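Could you walk me through this fold, starting from the middle of the sheet and working outwards to the helices and the ligand? Please keep the cut-offs in view along the way.

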Amino acid sequence: MSDQPATIQQLITQLAWQVEMGVDEAFLGAEALAMPKVKLDKYLPSSGAATPVEVAASAAIATISDVSTPPSASVMSAPKTATLSGTMSPPMASPDAPDLAAIGSLAELKAGLLAFEGCALKHTASNLVFADGNPGARLMIIGEAPGRDEDMVGLPFVGVSGQLLDKMLASIGLDRSHVYIANLLPWRPPGNRTPTAEETAMMLPWLRRHVQLANPDYVLILGGSAAKAVLDTKDGILKLRGRWQDVDFGDTIMRPTLASLHPAYLLRSPAQKRLSFADILAVNSRLSSSSLSPSPSD
Ligand code: URA
């Protein structure tokens, strides 16, 4: 590697590459780096259509615009042990995949995931995002995968999507003590990219075991990725949503399961909230009409 200081253009190229690989956060601020100020605006793309990478790089640069030298890779929130190419290694044949049927409790399941080395996402994530809420709840909610906030905190749906989810639940008198929340993937895909088919296939058995152990009366799936994986279909979420289906999560118990729109999608397409509200009312109706278990307010 050259001892010459990198030029601004080289730094921008490196940063754009890092953004493309999923780095979206700098751990060190300008003070820590104690670098001279430099005006970067003139180096940003000024004409022509910017590529998504350029746009993302511009945004990232804007947040560290006092920095003339980017922090070294070791201080970025970049993959801890990921390959520097940022590509996910193909899933291993999971020689170490445990016998999930032998896992007898949620605590064991969490421990099993913490020990599981078969999914490369684990190595780019900061935390395992296992679950939140009440493990004894009658309603289990399944999202797709943690985002940045969830990855940092280690709990599902704590970012803006989670805030909308909380409002949706509140509209039928529920809060997190009335529901149990998990994700199809317990680790954040770098840069919030869509999970690959391999990642989904690898982690689906874990989710199924998760549902078996939590044993909810009803399951609400949020978003197309999770719905397609759990319901084993290629249909889109707008076709899948709003229809209860009895789903066997692998223990021969048929659990009424409803797919609905993901809160992140609702934030982008607020007009679709009416569909989501219809779904949440359908959940409420099931919870209220079932007399076998206590109602959410009990
Ligand atoms: N989106 C999800 O699907 N799950 C989360 O935990 C957060 C955002």
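Strand β4 (218-222) runs parallel to strand β6 (residues 254-260), and the two are joined by four bridges. Strands here are DSSP runs of E with at least two residues, helices are runs of H or I with at least four residues, and both are numbered from the N terminus. Two strands count as paired if DSSP finds at least two bridges between them. In this pairing, Val219 has Thr257 of β6 as its bridge partner, and Leu220 has Leu258. As background, strands of a sheet pair through backbone hydrogen bonds, either parallel or antiparallel.

Before going further, a word on what you're looking at. This is a predicted model, in which local features need pLDDT of at least 70 and side-chain atom pairs count only at pLDDT 80 or more, while totals for chains, interfaces and linings use all residues. Residues are numbered from 1 along each chain as its sequence is written, and side-chain values use heavy atoms, with hydrogens and water left out.

β4 also pairs with β2 (139-143), again in the parallel sense and over four bridges. Here Met140 is matched with Val219 of β4, and Ile141 with Leu220. How much of β4 is buried? Five of its five residues are, so the strand is largely enclosed by the rest of the structure. "Buried" means under 20% relative accessible area, "exposed" means over 50%, and "partly exposed" lies in between (1.4 Å probe, protein chains only). In a regular strand the side chains alternate between the two faces of the sheet. In β4, both faces are covered: Tyr218, Leu220 and Leu222 are buried on one side, and Val219 and Ile221 on the other.

Next door, β6 is mostly covered too, with six of its seven residues buried. On this strand you also find the pairing with β5 (residues 244-248), which is antiparallel and has five bridges. Val247 has Arg255 of β6 as its bridge partner. β5 and β6 make a hairpin with five residues between them, and Gly250 in the turn has a positive phi of about 110°.

Zoom out and the whole sheet appears: six strands in the order β1-β3-β2-β4-β6-β5, open and with mixed pairing. Its edge strands are β1 (132-133) and β5, each of which pairs on one side only.

Now for the helices. In α7 (residues 160-170), the buried residues are Ser161, Gly162, Leu164, Leu165, Met168 and Leu169. They lie on the same side of α7 because they cover an arc of only 160° around the axis, where the arc is that of the directions from the helix axis to the C-beta atoms. Turned away from that buried side is a face carrying the exposed residues Val160 and Lys167. The buried residues pack against β2, β3 (179-183), β4, α11 (263-268) and α12 (273-289); contact means heavy atoms within 4.5 Å.

Helix α4 (residues 106-115) has Leu106, Leu109, Gly112 and Leu113 buried. Their arc around the axis is only 115°, which puts them on the same side of α4. The exposed residues Ala107, Leu114 and Ala115 are on the face turned away from the buried side. As for neighbours, the buried residues of α4 pack against α5 (121-124), β3 and α8 (197-214).

Then there's the ligand. Which residues surround it? They are Gly143, Glu144, Ala145, Pro146, Glu150, Pro156, Phe157, Asn183 and His262, where a residue is near a molecule if one of its heavy atoms lies within 4 Å of it. A ligand nitrogen atom is 3.0 Å from a polar backbone atom of Ala145, and a ligand oxygen atom is 2.9 Å from a polar backbone atom of Phe157. An oxygen atom of the ligand is also 2.7 Å from an N or O atom in the side chain of His262. Taken alone, the ligand exposes 240 Å², and the protein buries 93% of that; accessible areas come from the Shrake-Rupley method with a 1.4 Å probe.

Finally, the chain as a whole. The protein chain has 12 helices and six strands, and 43% of its 298 residues are buried. Among its contacts with a separation of 6 or more, 75% come from residues 24 or more positions apart. The chain exposes about 15100 Å², of which carbon and sulfur atoms supply 56%.

How values were computed. Polar contact = N/O pair within 3.5 Å; in protein donor to acceptor, adjacent residues only side chain to side chain.
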